[in-house]
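Q: Could you walk me through how to read this model, one feature at a time?
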Amino acid sequence: MTDVLAVTDHRRGDLRDISYELITAGRELADETGGDLHLVIINGPVDRFAQKCNRVGVDTIHTVSYGEEFNHDIYTQVITQLYHNLAPKYILTPNSVNGLDYAPAIANRLDLPIVTDTIDLETDGKSLVATREMYGGKVETTNQYEGNVVVTIRGAEWPAAEVTGDAKVKPFDAEIDEDAIGSTVTGFEEAVGGNVDISEADLLVSIGRGIEEKENLDLIRNLADTLDATLSSSRPIVDNGWLPKNRQVGQSGKVVTPEVYIAIGISGAVQHVAGMKGSDTIIAINTDPNAPIMDIADYAIVDDLFDVVPELIEEFQ
Amino acid sequence: MKALVAVKEVMLVEDEFEIEGVEIAEQHLSADLNEWDGYAIEEAVELQEDGIVDEVVTVTIGPEECEQTIRQALAKGADRSIRIWDDTLEGADLIDVDAKTEILSAVIEEENPDLVLTGVQAGDDSFAATGVSVAENLGFQWGAVVNHLEHDFEDGLASVHRELEGGIEELTDLELPAVLTIQTGINEPRYASLRGIRQAQRKELDVKTLSDIGVDESRIATEFELTDMYEPESKSDTTIWEGNAGETSSKLGELLRDKGVAQ
Ligand SMILES: Cc1cc2nc3c(=O)[nH]c(=O)nc-3n(C[C@H](O)[C@H](O)[C@H](O)COP(=O)(O)OP(=O)(O)OC[C@H]3O[C@@H](n4cnc5c(N)ncnc54)[C@H](O)[C@@H]3O)c2cc1C
């Protein structure tokens with residue numbers, strides 16, 4: 001019997017979508033061998049969250065209230081204790097920034113292997129086969145683990161659990177060792193930039209590291225002007241200080257849903273795709289026919305951007 | 001104060017490649033310094049320039065071939081480097097988080113730094129777990145995905161910003177000693193100067209085996225088996241426009257006009 005313990009994700013009073021996706025992934029794993037799915041909600045308005053997470057497939061929801069926000073020391077202590085109580089075979093967490101801030105610690109504390117950023121999971125009750133990507137999404141691999149494992153799952157790979165269920169909700173009496181808390185969250189800040197809102201645009205011309213030099217950005221600005229489009233980018237362009245932070249599309253940038261998204265010299269790393277996959281029509285211009293962006297593009301030009309972009313500008317002048 | 005930076009050499013894949021078994025054929029791979037580690041090195045060197053850190057040491061798990069990458073870190077300002085390698089690590093497809101944790105922890109215990117910096121993830125296997133795992137193993141504090149670090153360490157605390165999803169940053173105070181996993185964009189990594197490159201050749205690069213650092217072979221057995229590697233299936237309805245740049249750009253132009261987003 002494969003029991004699964006899944007850890008919900010929330011921030012500033014809201015459950016994050018991945019919490020519902022974890023329920024689906026956890027249920028699938030537990031179902032493969034007829035086990036139970038336990039959910040744990042740590043901190044925040046736990047009763048409200050427990051109501052929202054009470055979806056078909058969840059057997060028990062454990063709640064622990066020990067502050068408002070995420071704190072990795074508390075998460076690590078609570079999950080370790082729950083693991084000892086419940087003895088689940090798999091601990092499932094989101095592959096979110098917070099998930100990555102406690103899951104490896106739990107694996108180490110419990111002496112379990114960890115597999116991160118999984119996109120598919122299968123078990124026969126004995127071993128776990130986890131599918132994940134390597135080399136920035138150029139290949140997928142399957143990885144086989146025996147015994148108990150800590151697993152982090154990628155967002156948007158499993159559908160969200162939607163139907164209300166009848167799980168037992170139980171407060172978990174965790175013993176928190178205050179002396180072992182060495183971190184304190186003191187606040188939050190939102191990224192600032194100019195006053196352009198790329199999430200409002202119908203047509204986004206988005207540029208990535210394929211542009212190579214800051215000077216070459218003029219060519220893309222020219223294209224954006226000619227098409228009357230809004231200019232956005234992948235992360236390295238913002239990291240280099242070539243465009244302000246509010247132009248960044250992706251997981252740690254903005255989520256955009258334009259009619260047309262033109263990705264120029266962007267490979268399509270998962271963190272970028274997280275921000276633009278909801279675009280109506282996606283067009284990729286890239287020299288690499290195997291770039292992951294090609295897998296989600298509706299149309300693609302496999303060619304050098306320095307050849308294509310000037311032609312495109314001419315086309316509209 | 002002493003800073004230790006974990007530096008990894010990663011493999012980059014060419015546009016066209018072949019898979020042999022569960023590996024990419026060697027001729028399609030090239031080695032480079034892990035992108036995220038470049039920012040970690042820069043942060044440590046800036047701490048030294050600010051007079052906060054006295055010594056920057058790097059540690060790398062890897063064979064002799066990665067010494068070029070280590071010299072890059074030395075050329076950018078690290079003071080000395082340690083490289084760990086062993087025959088038992090030779091042939092491993094991937095070294096898992098637990099094994100890396102054992103090895104890095106042993107070095108850190110010997111070096112006793114106040115601050116350990118790693119990249120958020122390695123660009124090739126993207127596990128993104130080693131830094132936090134090492135911290136827990138040593139009883140250090142930690143912060144994952146750090147994109148800002150206050151350089152004063154008042155009251156023995158590292159004040160960091162952690163970059164969360166959706167353009168939101170979390171402000172966190174962490175007790176030292178601590179491990180921080182460094183996100184790109186935290187600083188502007190420098191290019192090594194010619195002088196730096198010359199000096200790097202003379203800096204100490206200490207090579208150690210597992211037994212030198214007191215790690216038992218049995219502790220580094222990889223806990224999983226890589227059973228398959230393949231190219232992801234592409235969405236079958238992607239239309240690839242064929243032709244020269246003039247032809248493909250007019251097809252794109254036509255589509256933009258059809259959609260009514262450009263005239
Ligand atoms: C926690 C975390 C959060 C992140 N958040 C984000 C985020 O919000 N947004 C984001 O974008 N990234 C994010 N990243 C980074 C992400 O993993 C990638 O590193 C990044 O998206 C790569 O950007 P790129 O595609 O521009 O560059 P690369 O991956 O280097 O790709 C460049 C592409 O350009 C192509 N190219 C090169 N030359 C030419 C040419 N002449 N003509 C045409 N094509 C060319 C290449 O074939 C390649 O496909 C995050 C990473 C982490 C770990």
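Q: Which residue is the bridge partner of Leu128(A) in strand 9 of chain A?
A: In this predicted model, Leu128(A) is partnered by Tyr145(A). That bridge belongs to a strand pair: strand 8 (residues 127-134) and strand 9 (residues 139-146) of chain A, joined antiparallel over eight bridges.

Q: What is the strand order in the open sheet that holds these two?
A: Read the order from edge to edge. Here 10 strands run 11(A)-5(A)-4(A)-1(A)-6(A)-10(A)-7(A)-8(A)-9(A)-14(B), with mixed pairing.

Q: Which strands stand at the edges of that sheet?
A: An edge strand has a single partner strand, so one of its sides lacks a neighbour in the sheet. The edges are strand 11 (168-171) of chain A and strand 14 (224-230) of chain B. Between neighbouring strands the average turn is 35 degrees, direction ignored.

Q: What is the order of the other open sheet, the one that starts at 12(A)?
A: Follow the chain letters as well as the numbers. The order is 12(A)-11(B)-10(B)-9(B)-12(B)-8(B)-1(B)-6(B)-7(B)-13(B). It has 10 strands and mixed pairing. Strand 12 (183-190) of chain A and strand 13 (205-208) of chain B are its edges; each has a single partner strand, so one side of each is without a neighbour in the sheet. Neighbouring strands here are turned by 30 degrees on average, direction ignored.

Q: Do strand 1 and strand 8 of chain B run parallel or antiparallel, and how many bridges join them?
A: Parallel, with three bridges. Strand 1 covers residues 2-6 of chain B, and strand 8 covers residues 115-119 of chain B. For a single pair, take Leu4(B): its bridge partner in strand 8 of chain B is Val116(B).

Q: Which strands does helix 3 of chain A touch where it packs on this sheet?
A: Look for contacts first, then the angle. Helix 3 (residues 72-86) of chain A touches strand 12 of chain A, plus strand 9 (141-149) and strand 11 (168-175) of chain B. Its direction makes about 150 degrees with that of strand 9 of chain B.

Q: Which strands does helix 2 of chain B lie across?
A: Strand 6 (55-61), strand 7 (80-84) and strand 13 of chain B. Helix 2 spans residues 67-75 and runs at about 155 degrees to strand 7 of chain B.

Q: Why is the ligand site shared between chains?
A: Check which chains supply the surrounding residues. Both A and B do, so the site is shared. The shell has 30 residues; the closest are Ser234(A), Ser252(A), Ser267(A), Gln271(A) and Asn286(A). By class, nine are nonpolar, 16 polar and five charged.

Q: How far is a nitrogen atom of the ligand from an N or O atom in the side chain of Ser252(A)?
A: The distance is 2.6 Å. Ligand oxygen atoms also lie 2.7 Å from a side-chain N or O atom of Gln271(A) and 2.9 Å from one of Gln248(A). The protein covers 88% of the 980 Å² of accessible area that the ligand has on its own.

Q: What should I check in the backbone?
A: Most residues other than glycine have a negative phi, and most peptide bonds are trans. Arg12(A), not a glycine, has a positive phi of about 45 degrees. Arg12(A) sits in the loop between strand 2 (10-11) and strand 3 (14-15) of chain A. The peptide bond from Leu176(B) to Pro177(B) is cis, with omega near 0 degrees. Pro177(B) is in the loop between strand 11 and strand 12 (178-182) of chain B.

How values were computed: Residues are numbered from 1 along each chain as its sequence is written. Chains are lettered from A and ligands numbered from 1 in the order in which they are written. This is a predicted model: local features need pLDDT of at least 70, side-chain atom pairs count only at pLDDT 80 or more; totals for chains, interfaces and linings use all residues. Side-chain values use heavy atoms; hydrogens and water are left out. A residue is near a molecule or strand if one of its heavy atoms lies within 4 Å of it. A polar contact is a pair of N or O atoms within 3.5 Å; within protein, one must be able to donate a hydrogen and the other to accept it, and residues adjacent in sequence count only if both atoms are side-chain atoms. Accessible areas come from the Shrake-Rupley method with a 1.4 Å probe; for residues, only the protein chains shown count as cover. Ala, Val, Leu, Ile, Met, Phe, Trp, Tyr, Cys and Pro count as nonpolar, Asp, Glu, Lys and Arg as charged, and the others, Gly among them, as polar. Two strands pair if DSSP finds at least two bridges between them. Helices (H or I, at least four residues) and strands (E, at least two) are DSSP runs, numbered from the N terminus. Axes are lines fitted to C-alpha atoms, for helices over the stretch in contact, and angles run from 0 to 180 degrees between N-to-C directions. Contact means heavy atoms within 4.5 Å.
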